[in-house]
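Trainee: I am new to reading protein models. Could you walk me through this one, feature by feature?

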Amino acid sequence: MRIDILSAVPSLLESPFSHSIMRRAQEKGILEIHSHDIRDYSNHKQKSIDDYQFGGGAGMVLMIEPIVAAIEKLQSERQYDEIIYLTPDGTQLKQSICNQLSLKNNLLLICGHYKGIDQRIREHFITMEISIGDYVLSGGELAAAVLVDAIGRLIPQVLNDETSALFDSFQDNLLAPPVYTRPAEFRGWKVPDILLSGHTQKIEEWRDEQSFLRTQARRPDLLK
Ligand code: 6GU
């Protein structure tokens with residue numbers, strides 16, 4: 001999979017993909033991430049990319065020309081399955097959306113800033129609008145990083161058997177069960193006996209039960 005990200009602050013996107021699973025996915029050649037600076041597509045002398053909004057009001061708006069120039073340059077090089085705008089008024093991200101997007105070959109993500117991007121870009125180029133939750137971030141970059149991480153780890157061969165996404169919280173609408181590691185006792189706090197028993201079948205049943213109880217207690221909405 002190849003993911004292109006258009007941003008006014010591309011340096012915000014460096015670290016999130018340079019470690020751990022995202023880094024290994026890129027080293028293995030399974031995932032390619034390319035960030036692009038909107039400013040590189042500005043025709044202005046001062047390389048400006050934002051302007052005051054028509055009708056008045058506080059806050060700048062990212063202008064249409066540099067973003068469209070960037071989108072069309074990238075589109076001339078490959079066909080995108082989706083062009084996704086990260087915005088707090090988008091569809092709220094869920095695991096099911098991540099699962100679907102992990103099957104695509106080429107995604108283009110657009111990060112907003114300030115008051116957002118000119119509405120005409122949304123109407124004529126964007127195919128999906130995604131929010132990562134009901135709160136406002138100062139820009140779409142951190143949301144893009146969340147989306148890329150959530151999608152990237154689902155691409156076949158990115159995770160191995162041990163880290164398999166099949167056991168994640170949400171993958172079957174259940175939260176993950178509690179986990180423990182050594183020592184088996186710390187300050188008198190013991191790991192549940194069942195996990196030390198070696199009974200694979202019983203352990204699996206215990207985990208399923210814990211998943212259910214945890215979901216019932218914390219996220220009853222998922223069980224409906
Ligand atoms: Cl995608 N962008 C911004 N700026 N804020 C957000 C968001 C996105 N999702 C939740 N809050």
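Mentor: Let us begin with the ligand. A nitrogen atom of the ligand is 3.0 Å from a polar backbone atom of leucine 137. Keep in mind that this is a predicted model.

Trainee: Which other residues have polar atoms listed with a nitrogen atom of the ligand, tyrosine 135 or serine 131, and at what distances?

Mentor: Both of them. For tyrosine 135, a polar backbone atom is 2.5 Å from a ligand nitrogen. For serine 131, the partner is an N or O atom in the side chain, 3.4 Å from a ligand nitrogen.

Trainee: How much of the ligand's accessible area does the protein cover?

Mentor: Compare the ligand on its own with the ligand in place. On its own, the ligand has 290 Å² of accessible area, and the protein covers 96% of that.

Trainee: What space does the ligand take?

Mentor: A pocket. The ligand takes the space of the second largest pocket.

Trainee: Which elements give two or more residues to the shell around the ligand?

Mentor: Strands β5 (82-92) and β7 (128-131) do. The largest share comes from β5, with three residues. Now look at individual residues. Those surrounding the ligand include Leu86, Thr87, Pro88, Ile130, Ser131 and Ala143.

Trainee: Where do β5 and β7 come together? I would like a pair of residues to look at.

Mentor: Try glycine 90 and isoleucine 130. They are 40 residues apart along the chain, yet their C-alpha atoms are separated by 4.2 Å. Glycine 90 is found in β5. Its relative accessible area is 19%, under the 20% cut-off, so glycine 90 counts as buried.

Trainee: Next, the helix. How does the length of α5 agree with its number of residues?

Mentor: Use the rise of 1.5 Å a residue. Helix α5 has 12 residues, 141-152, and should therefore span 16 Å. Its end C-alpha atoms are 16 Å apart, which agrees.

Trainee: Is α5 enclosed or open to the outside?

Mentor: Count its buried residues. Nine of the 12 are buried, so α5 is largely enclosed by the rest of the structure. Among them are Glu141, Ala143, Leu147, Val148 and Ile151. Ala143 also belongs to the residues that surround the ligand.

Trainee: What contact does glutamate 141 make?

Mentor: Its side chain joins that of serine 7 in a polar contact of 2.6 Å. Serine 7 lies in strand β1 (residues 2-7). At 0% relative accessibility, serine 7 is buried.

Trainee: What can I learn from backbone angles?

Mentor: Look for exceptions. Most residues other than glycine have a negative phi, and most peptide bonds are trans.

Trainee: Which residues have a positive phi here, though they are not glycine?

Mentor: Lysine 47 is one, with a phi of about 60°. Asparagine 173 is another, with a phi near 65°. Place them next. Lysine 47 sits in the loop between β2 (32-37) and β3 (50-52). Asparagine 173 lies in the loop between α5 and β8.

Trainee: How exposed are lysine 47 and asparagine 173?

Mentor: Partly exposed is the term for values between 20% and 50%. Lysine 47 has a relative accessible area of 38%, so it is partly exposed. Asparagine 173 is at 41%, so it counts as partly exposed too.

Trainee: Where is the cis peptide bond?

Mentor: It joins arginine 182 and proline 183, with omega at about 5°. Proline 183 is in the loop between α5 and β8 (185-186).

Trainee: Are residues of that loop buried or exposed?

Mentor: Take two of them. Aspartate 168 is in the loop between α5 and β8, and at 16% relative accessibility it counts as buried. Valine 179 is in that loop as well, but it is exposed, at 72%.

Trainee: What does the side chain of aspartate 168 contact?

Mentor: The side chain of arginine 153, in a polar contact of 2.7 Å. For valine 179, look at leucine 195. They are 16 residues apart along the chain, and their C-alpha atoms are separated by 9.4 Å.

Trainee: What about serine 42, buried or exposed?

Mentor: Buried, with a relative accessible area of 5%. Serine 42 lies in the loop between β2 and β3. Its C-alpha atom is separated by 9.3 Å from that of methionine 63, 21 residues apart along the chain.

How values were computed: Residues are numbered from 1 along each chain as its sequence is written. This is a predicted model: local features need pLDDT of at least 70, side-chain atom pairs count only at pLDDT 80 or more; totals for chains, interfaces and linings use all residues. Side-chain values use heavy atoms; hydrogens and water are left out. Helices (H or I, at least four residues) and strands (E, at least two) are DSSP runs, numbered from the N terminus. The expected span of a helix is 1.5 Å times one less than its number of residues. Buried means under 20% relative accessible area, exposed over 50%, partly exposed in between (1.4 Å probe, protein chains only). A residue is near a molecule or strand if one of its heavy atoms lies within 4 Å of it. A polar contact is a pair of N or O atoms within 3.5 Å; within protein, one must be able to donate a hydrogen and the other to accept it, and residues adjacent in sequence count only if both atoms are side-chain atoms. Accessible areas come from the Shrake-Rupley method with a 1.4 Å probe; for residues, only the protein chains shown count as cover. On a 1 Å grid over the protein atoms alone, a cavity is a set of points where a 1.4 Å probe fits but cannot get out, and a pocket is an open set with protein on both sides within 12 Å along at least five of seven lines; lining residues have an atom within 4 Å of a point. A molecule sits in a cavity or pocket if more than half of its atoms lie within 2 Å of its grid points.
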